[in-house]
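With the model open in your viewer, please follow the stops below in order, making each selection before reading what is there.

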Amino acid sequence: PEIIPCKRCGNKFQTREEKNGHECVRHCEQCNKKISGKHFVMHMMRHTSTEKAFKCDQCPKEYHTPADLTKHKLVTHVRSEFTLCVVCGKMVKQVNLNMHLKTHQPKTEAEKRVYPCEECSKVYCSAASLRAHFESVHLGVQVLKVKCPHCEMRFKEHSKRTAHIYKYHLKRALFTCIHCQKEFYHRNNYNNHIKVHHSF
């Protein structure tokens with residue numbers, strides 16, 4: 001039988017299925033950690049590289065790897081723009097927090113005015129929201145004002161940008177189900193999963 005070696009960790013296998021299914025782990029002799037094979041090269045760059053070639057464009061920080069730079073940007077520059085609403089649990093841009101909190105307060109008679117869409121059954125609480133809906137849904141106008149700090153992608157909403165950053169730049173999920181460990185990039189998908197599969 002053919003012996004199939006793993007190029008990452010050196011282990012040998014009888015079949016391709018065995019090789020593809022094994023957990024590839026390598027031992028770093030410099031820090032005595034066990035590292036996943038696909039992350040080993042990046043890990044070793046931290047030990048061997050003296051030059052921090054990846055510079056943050058928003059502050060003086062420098063990093064050995066692009067992954068470290070991306071993590072720094074998300075934690076320091078992207079996430080710090082947002083704060084958690086203690087009323088509804090949504091992540092809200094810091095500068096919009098006061099306006100957002102007002103949405104949870106009882107409305108005056110003037111504020112209870114609604115703006116119905118003449119094309120469909122949707123109703124909005126402000127003229128600006130109605131206009132944005134009408135342009136986006138009925139006129140097909142794409143308003144992509146939120147830019148990813150790591151690439152050229154643009155989004156209509158901050159939540160979509162955050163999901164994009166986690167999925168494509170950090171390569172990890174925003175939400176993990178505590179019952180089955182399934183991962184999600186969008187809060188709605190996570191909430192629907194909990195309702196369908198784990199509501200008791």
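Begin with the whole protein in this predicted model: among its contacts with a separation of 6 or more, 11% are accounted for by residues 24 or more positions apart. Colouring by secondary structure brings up seven helices and 14 strands. If you then switch on the surface, the accessible area comes to about 14,800 Å², with 52% of that area belonging to carbon and sulfur atoms, while 24% of the 200 residues count as buried.

Next, select His39, Arg46, Ala67, Asp68 and Leu170, which are the residues that lie nearest the centre of the second largest pocket, out of the 15 that line that pocket. Its volume is about 500 Å³. To see where the lining comes from, show helix H2 (37-48), helix H3 (66-78) and helix H6 (158-170), each of which supplies at least two of the lining residues. Colouring the lining by residue class gives six charged, five nonpolar and four polar residues.

For the last stop, move to helix H7 (residues 187-198) and select His193, which has its place there. Is His193 buried or exposed? With a relative accessible area of 9%, His193 falls under the 20% cut-off and is therefore counted as buried. Finally, display Cys177, Cys180, Lys182, Phe184 and His198 around it, since these are the residues in contact with His193 once its neighbours within four places in sequence are left aside.

Terms used
Residues are numbered from 1 along each chain as its sequence is written. This is a predicted model: local features need pLDDT of at least 70, side-chain atom pairs count only at pLDDT 80 or more; totals for chains, interfaces and linings use all residues. Side-chain values use heavy atoms; hydrogens and water are left out. On a 1 Å grid over the protein atoms alone, a cavity is a set of points where a 1.4 Å probe fits but cannot get out, and a pocket is an open set with protein on both sides within 12 Å along at least five of seven lines; lining residues have an atom within 4 Å of a point. Grid points are joined across faces, edges and corners, and a volume is the space filled by probe spheres set on the points. Helices (H or I, at least four residues) and strands (E, at least two) are DSSP runs, numbered from the N terminus. Ala, Val, Leu, Ile, Met, Phe, Trp, Tyr, Cys and Pro count as nonpolar, Asp, Glu, Lys and Arg as charged, and the others, Gly among them, as polar. Buried means under 20% relative accessible area, exposed over 50%, partly exposed in between (1.4 Å probe, protein chains only). Contact means heavy atoms within 4.5 Å. Accessible areas come from the Shrake-Rupley method with a 1.4 Å probe; for residues, only the protein chains shown count as cover.
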